[in-house]
Amino acid sequence: FSESDVKTYSRGDTISGTVVQVSDSEILVDIGYKSEGILPVSELSPFRPGGKIEQGEHIEVLVTYIDEEKGTVYASEKQAEYEKRIDGLEAAYHEGTVVEGEITSEVKGAGYHVNLDGIRAFLPGSHLGGELPSGIDELRGKRIQFKILELSRRDKNQVVSHKEFIKERERLRRKALFDSLQPEQELD
């Protein structure tokens, strides 16, 4: 065997595999290792349509634990999905780009929980912005644009602001207006 014939994985690696067996409690996934990876049913992605998985399906999983003695790899599709989604949010945070999410619930006296396509974030009440109603009944399920104020991958803590999105939109609108003006131009 050459070194490239024997694959080694570490905890936290995201790998692709093929489902070889499905039972009520776990799914066996061929990940090209000496034995199949074990994916507990509880670790399936919550975004899976109908929560069903089929034999022969190709999936991405994250290695959660390796039992060296038994040569068993435990994996999670849920965590692989989280990592993929948080990568996108992290890029938006660093680039200062806008993200879209849905207000799901109210945190009494503090703000709102927001679903950013599967990642939970917090919207402080003071960052709702003046153009939206403050009642949860009018806000729940509404898709709104936000700027990310804080993002902590380790603590799974994301804070967003619609107010900052409004400020940025207004700043860009003003800049476009002033860039279009010419000296001596008359406007009503």
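Lys 108 and Glu 106 pair up in a salt bridge, with their closest N and O atoms 3.6 Å apart. (A salt bridge here is a side-chain nitrogen of Lys or Arg within 4 Å of a carboxyl oxygen of Asp or Glu.) Lys 108 is exposed, at 73% relative accessible area, whereas Glu 106 is partly exposed at 32%. Those words have fixed cut-offs: buried is under 20% relative accessible area, exposed is over 50%, and partly exposed is in between, using a 1.4 Å probe and protein chains only.

A quick word on the source: this is a predicted model, where local features need pLDDT of at least 70 and side-chain atom pairs count only at pLDDT 80 or more, while totals for chains, interfaces and linings use all residues. Residues are numbered from 1 along each chain as its sequence is written, and side-chain values use heavy atoms, with hydrogens and water left out.

The salt bridge count comes to 13. Here are three of those pairs.

| Pair | Closest N to O | Relative accessibility |
|---|---|---|
| Lys 108 and Glu 106 | 3.6 Å | 73% and 32% |
| Glu 81 and Arg 85 | 2.7 Å | 17% and 25% |
| Arg 153 and Asp 87 | 2.3 Å | 26% and 39% |

Glu 81 and Arg 85 both sit in helix α1 (residues 77-95), 4 residues apart, or about one turn of the helix. Glu 81 counts as buried, and Arg 85 as partly exposed. Helices (H or I, at least four residues) and strands (E, at least two) are DSSP runs, numbered from the N terminus.

Arg 153 and Asp 87 also form a salt bridge. This pair links distant parts of the chain, 66 residues apart: Arg 153 is in the loop between β9 (143-152) and β10 (157-161), and Asp 87 is in helix α1. Both Arg 153 and Asp 87 are partly exposed.

Now for the pocket. The largest one has a volume of about 270 Å³. It is lined by 14 residues, and Lys 78, Gln 79, Tyr 82, Glu 83 and Lys 156 lie nearest its centre. (A pocket is found on a 1 Å grid over the protein atoms alone, as an open set of points where a 1.4 Å probe fits, with protein on both sides within 12 Å along at least five of seven lines; lining residues have an atom within 4 Å of a point. Grid points are joined across faces, edges and corners, and the volume is the space filled by probe spheres set on the points.) Helix α1 gives the most to this lining, with 6 residues.

Lys 156, one of the residues nearest the pocket centre, lies in the loop between β9 and β10. Lys 156 is exposed, at 54% relative accessibility, and has a positive phi of about 50° although it is not a glycine. Asp 117 has a positive phi too, near 50°. Asp 117 lies in the loop between β7 (111-116) and β8 (119-124) and is partly exposed at 43%. Most residues other than glycine have a negative phi.

What about the whole protein? There are 3 helices and 10 strands. The C-alpha atoms fill a box of roughly 80 × 40 × 30 Å, taken along the principal axes. Of the 188 residues, 34% count as buried.
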